[in-house]
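Please open the model in your viewer and keep the sequence beside it, so that each selection can be followed in both. The tour goes from one selection to the next, and says at each stop what is there.

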Amino acid sequence: MNIRVNLSPESEDRLLAEARAQGLPLETVAERLLKEALAQRPAAQGAMSAEEFHQMLRAMAEGSEKLPELPTEAFSRQSYYEDRLDGRDAVPRR
């Protein structure tokens, strides 16, 4: 595939200097830099295989056995708003 890229003069100078320093054609250096940049980026969002999904879940669960067990009541709506049950605001107004 061929693409056309408009570079700023500074980017062009840096790319030319890199090609000269490596003794390689400009196109080869540009392709290598693009490959390196793409390799550092995460894979496309939403395109996860089932195995990748399960691997992600295992990673998220790692260490969870050390978490304290909480009673179900700890997750009630009232527990989130305890500080407002007396009619006061949770954050004082100025």
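**A tour in four stops**

Begin by selecting helix α1, whose 14 residues should span 20 Å at 1.5 Å a residue, and whose end C-alpha atoms are indeed 20 Å apart, which agrees. Keep in mind throughout that this is a predicted model. Just after α1, select Gly23, which follows the helix and has a positive phi, near 65°.

Next, add helix α2, residues 26-40, to the selection of α1, residues 9-22, and look at how they pack: the angle is about 110°, and the axes are 9 Å apart. Angles from 65 to 115 degrees count as roughly perpendicular, and α1 and α2 are therefore roughly perpendicular to each other. To see the contact itself, show the side chains of Leu15, Leu16, Glu18, Ala19 and Gln22 on α1, together with Leu26, Val29, Ala30, Arg32 and Leu33 on α2. Sorted by class, this contact of α1 with α2 has 7 nonpolar, 1 polar and 2 charged residues.

Which residues lie nearest the centre of the largest pocket? Select Val5, Leu15, Leu26, Ala30 and Glu31, which hold that place among the 14 residues of the lining. The volume of this pocket is about 550 Å³. Two elements, α1 and α2, give two or more residues to its lining, and α2 gives the most, with 7 residues. By class, the lining divides into 9 nonpolar, 1 polar and 4 charged residues.

Finally, move to helix α3, residues 50-61, where the same reasoning about length can be tried: at 1.5 Å a residue its 12 residues should span 16 Å, and its end C-alpha atoms are 17 Å apart, which agrees. End the tour at Gly63, which follows α3 and whose phi is positive, near 90°.

Note on methods:
Residues are numbered from 1 along each chain as its sequence is written. This is a predicted model: local features need pLDDT of at least 70, side-chain atom pairs count only at pLDDT 80 or more; totals for chains, interfaces and linings use all residues. Side-chain values use heavy atoms; hydrogens and water are left out. Axes are lines fitted to C-alpha atoms, for helices over the stretch in contact, and angles run from 0 to 180 degrees between N-to-C directions. Helices (H or I, at least four residues) and strands (E, at least two) are DSSP runs, numbered from the N terminus. Angles under 35 degrees count as roughly parallel, over 145 as roughly antiparallel, 65 to 115 as roughly perpendicular and the rest as oblique. Contact means heavy atoms within 4.5 Å. Ala, Val, Leu, Ile, Met, Phe, Trp, Tyr, Cys and Pro count as nonpolar, Asp, Glu, Lys and Arg as charged, and the others, Gly among them, as polar. The expected span of a helix is 1.5 Å times one less than its number of residues. On a 1 Å grid over the protein atoms alone, a cavity is a set of points where a 1.4 Å probe fits but cannot get out, and a pocket is an open set with protein on both sides within 12 Å along at least five of seven lines; lining residues have an atom within 4 Å of a point. Grid points are joined across faces, edges and corners, and a volume is the space filled by probe spheres set on the points.
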